[in-house]
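Me: Got a structure here that I'd like to talk through before I set anything up. Mind if I fire some questions at you?

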Amino acid sequence: MKYYFEGAEILAPLSIVSNEPIYEVDTVSLSKQRASQDVQRWELSFNTIGTPETQQQMMISAVTGMTSTNTMIMPQLPEVDRLFTVTANTANVSVPVLAGATQVIISGAGKTGLLPKGSFISFSTHDKIYMTTTDADFTSGDPTVSFFPKLQSPLTTSHSLEMSSSVQLVYYRDISNLTGITFSDGVLSNAGTITVIEAL
């Protein structure tokens, strides 16, 4: 599947980084202690190639909107995307869960197929994106979906799980990015390496 940023196709290599600050100290006995503040965000870096049809939008987006958020389909890892076979991109939450959970039971009614581990998922009305840590098989009833990081907001049965191309990344452009475009051959344009940061 191809992914796009501001209308321009995203090119490999694509970097997807989990930013989760971990603090480490050495004790007097030289053992290590590590702690997390339980906060995490996704950061993506990639290049795009502009076409004559997308040059105007790429230039406008490169010099405006740095203080506002935008959305794009969250790229899935190619091998994970190949294994995804669920017959729908959304499914209802079956059992309510509280913030801090790392699992949720999803209704498998009318659906079959596999949601493979390593898939990026989200939940309706939530902006946060999660990654599945185990396979979830919709063929065998109501699957339990395990994910990382911990759930930021509670889920009820009115929420739905969003998968595959339904997962929308809400992002900010990194302010250190190039604010312009370069014409690589007089026709095609390149905005350089673009970094986007998940908006929390």
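Me: Which element gives the most to the lining of the largest pocket?
Reply: This is a predicted model, so keep that in mind throughout. The largest pocket holds about 220 Å³ of space, and 13 residues line it, with Met1, Tyr3, Leu14, Gln76 and Pro78 nearest its centre. Two elements, β2 (8–19) and α2 (78–83), give two or more residues to that lining. The one that gives the most, with five residues, is β2.

Me: How many residues in that pocket lining are nonpolar, polar and charged?
Reply: Counting Ala, Val, Leu, Ile, Met, Phe, Trp, Tyr, Cys and Pro as nonpolar, you can sort the lining into three classes. For the largest pocket the split is nine nonpolar, one polar and three charged.

Me: What about cavities: what volume does the largest one have?
Reply: With a threshold of 30 Å³ or more, the count comes to one cavity. Its lining is made of Gln76, Val80, Asp81, Phe84, Leu115, Ser119, Met163 and Ser164, which divide into four nonpolar, three polar and one charged. The volume of the largest cavity is about 40 Å³.

Me: Ser164 is in that cavity lining; is Ser164 buried or exposed?
Reply: Ser164 sits in the loop between β14 and β15. Its phi is positive, about 55°, although it is not a glycine. The cut-off for buried is under 20% relative accessible area. Ser164 comes in at 14%, so it counts as buried.

Me: And Thr125, is that one buried or exposed?
Reply: Thr125 also has a positive phi, near 70°, and its place is the loop between β10 and β11. Exposed needs over 50% relative accessible area. At 72%, Thr125 therefore counts as exposed.

Me: Which strands stand at the edges of the sheet with the order β1-β2-β5-β18-β15-β6?
Reply: That sheet is open, has six strands and pairs in the antiparallel sense. An edge strand has a single partner, so one side of it is left without a neighbour in the sheet. Here those strands are β1 (4–5) and β6 (70–73).

Me: How many bridges join β2 to β5?
Reply: These two strands run antiparallel, and Ile10 stands opposite Thr48 in β5. On to another pairing of β5: four bridges join it to β18 (residues 194–198), where Ser45 stands opposite Thr195. For β2 and β5, the number of bridges is eight.

Me: Which residue in β15 is the bridge partner of Ile73?
Reply: β6 and β15 (residues 168–173) run antiparallel and are joined by four bridges. Across that pairing, the bridge partner of Ile73 is Gln168.

Me: Now the other sheet, β7-β14-β10-β11-β13-β8: by what angle are its neighbouring strands turned against each other on average?
Reply: It's an open, antiparallel sheet of six strands. Its edge strands are β7 (90–92) and β8 (103–105), each pairing on one side only. Ignoring direction, the average turn between neighbouring strands is 40°.

Me: How are the rings of Phe5 and Phe46 arranged?
Reply: This is one of seven aromatic pairs in the structure. The ring centres are 5.4 Å apart and the planes stand at 65°. Phe5 lies in β1 and Phe46 in β5 (residues 41–49), so the pair ties together parts that are 41 residues apart in sequence. Planes over 60 degrees apart count as edge-to-face, so the arrangement is edge-to-face.

Me: Which residue joins Phe5 and Phe46 in one aromatic cluster?
Reply: Phe5 and Phe46 are both buried. The residue that completes their aromatic cluster is Tyr171.

Me: How many residues apart in sequence are the parts that Trp42 and Phe120 tie together?
Reply: Their ring centres are 5.1 Å apart with planes at 85°, so this pair is edge-to-face. Trp42 is buried at a relative accessible area of 4%, and Phe120 is buried at 3%. Trp42 lies in β5 and Phe120 in β10, so the separation in sequence is 78 residues.

Me: One last thing: what is omega for the cis bond between Phe148 and Pro149?
Reply: Most peptide bonds are trans. Ala12 and Pro13 are joined by a cis bond with omega about 5°, and Pro13 is in β2. Pro149 is in the loop between β13 (144–148) and β14 (160–162). For Phe148 and Pro149, omega is about -5°.

Key. Residues are numbered from 1 along each chain as its sequence is written. This is a predicted model: local features need pLDDT of at least 70, side-chain atom pairs count only at pLDDT 80 or more; totals for chains, interfaces and linings use all residues. Side-chain values use heavy atoms; hydrogens and water are left out. Two strands pair if DSSP finds at least two bridges between them. Axes are lines fitted to C-alpha atoms, for helices over the stretch in contact, and angles run from 0 to 180 degrees between N-to-C directions. On a 1 Å grid over the protein atoms alone, a cavity is a set of points where a 1.4 Å probe fits but cannot get out, and a pocket is an open set with protein on both sides within 12 Å along at least five of seven lines; lining residues have an atom within 4 Å of a point. Grid points are joined across faces, edges and corners, and a volume is the space filled by probe spheres set on the points. Rings of Phe, Tyr and Trp (its six-membered ring) pair if their centres lie within 6.5 Å; planes under 30 degrees apart count as stacked, over 60 as edge-to-face and the rest as tilted. Buried means under 20% relative accessible area, exposed over 50%, partly exposed in between (1.4 Å probe, protein chains only).
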